[in-house]
Amino acid sequence: MSVARTGTNHLSKVLSNIPEIESRRELFNPSRIWRMDPPELEEFSRRLGRPLTCAPDNQQTVDAVRRNPGLTLECLLDLMPPEKRILTFKVFVNQLSVRQVNKAIISRSDSIIVFIRRRPIDVYVSQRKAARLNQWTKVDTTDMKVSIDPRHFLKWSRRCNDWYRRLEAVCWAMGKPFYQLTYETDLAASPLTVAGRFCAILEDCGLGPFTLPPDDPALGMTRQDRNKDVSDRVANWPEFKRYLTEKGLLERAFEPIPQFHPTKWDRLWRRLVA
């Protein structure tokens, strides 16, 4: 569970080099299924009871998959090669509703939930660059600067914070364990390190052992923007910073996306429901 530009493509590619893991990406992307192969889409169509064009970029098929995430996962699991033990995929903000995620993913007894975070301002600037180019991988954006709107950033930040909070609250209310990884600590690293951090979560759940990949940079993704200071990535950084400072919200850009912490009312409600 994450937002775009938090290192999840790097993670997915690294995991695809572990023979025990079937690594997919954005199954529920609103534009394209990343990814389901034609035989898997054919089985999905058969179980759905509707004829579909079995192509991952057909909008009718994309919409059907997003409306039926539970059925999608069952098809993938049933068709998974026998040597694979784990199916991994990612869900981004607004790809599925909280209710869908709860029903199709969190509620599963065999699901392991991992939340991935990155410093908000870095995520936002990276998203603006990729959106301007309409290219999300395999492009060097180091020399590119973008202008960013502080009002839009705050709106985006509130939406992301709410999404994480609501999903973590669902996990907590159900007594479902969930795990945390961060871009800075866990994913902005070599393929071997990334694989080890993720597989440690699986092993904590009683799974494994796993065959970790060699420490070869080519097994991961190359960072697109190599500027370390965010001010070097933003064309209007002084104005952006000034606006947030005057509003007393500059920390919103640099502090991690908050984690859910149950209140006494949350605890009382969970006892009443139980």
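Trainee: Leaving aside neighbours within four places in sequence, which residues is Gln95 in contact with?

Mentor: Contact means heavy atoms within 4.5 Å, and Gln95 is in contact with Glu26, Phe28, Asn29, Pro30, Arg66 and Lys90. This is a predicted model, in which local features need pLDDT of at least 70 and side-chain atom pairs count only at pLDDT 80 or more, while totals for chains, interfaces and linings use all residues. Residues are numbered from 1 along each chain as its sequence is written, and side-chain values use heavy atoms, with hydrogens and water left out.

Trainee: Why is Gln95 called buried?

Mentor: Buried means under 20% relative accessible area, exposed over 50%, and partly exposed in between, with a 1.4 Å probe and protein chains only. Gln95 has a relative accessible area of 5%, and therefore it is called buried.

Trainee: What makes the pair Gln95 and Glu26 a polar contact?

Mentor: A polar contact is a pair of N or O atoms within 3.5 Å; within protein, one must be able to donate a hydrogen and the other to accept it, and residues adjacent in sequence count only if both atoms are side-chain atoms. The side chains of Gln95 and Glu26 are joined at 2.7 Å.

Trainee: How do you know that the protein chain is as compact as a globular protein of its length?

Mentor: The radius of gyration is taken over C-alpha atoms, and the globule rule is 2.2 Å times the number of residues to the power 0.38. For 274 residues the rule gives 19 Å, and the chain has 20 Å, which is close, so the chain is as compact as a globular protein of that length. Buried residues make up 46% of the 274 residues.
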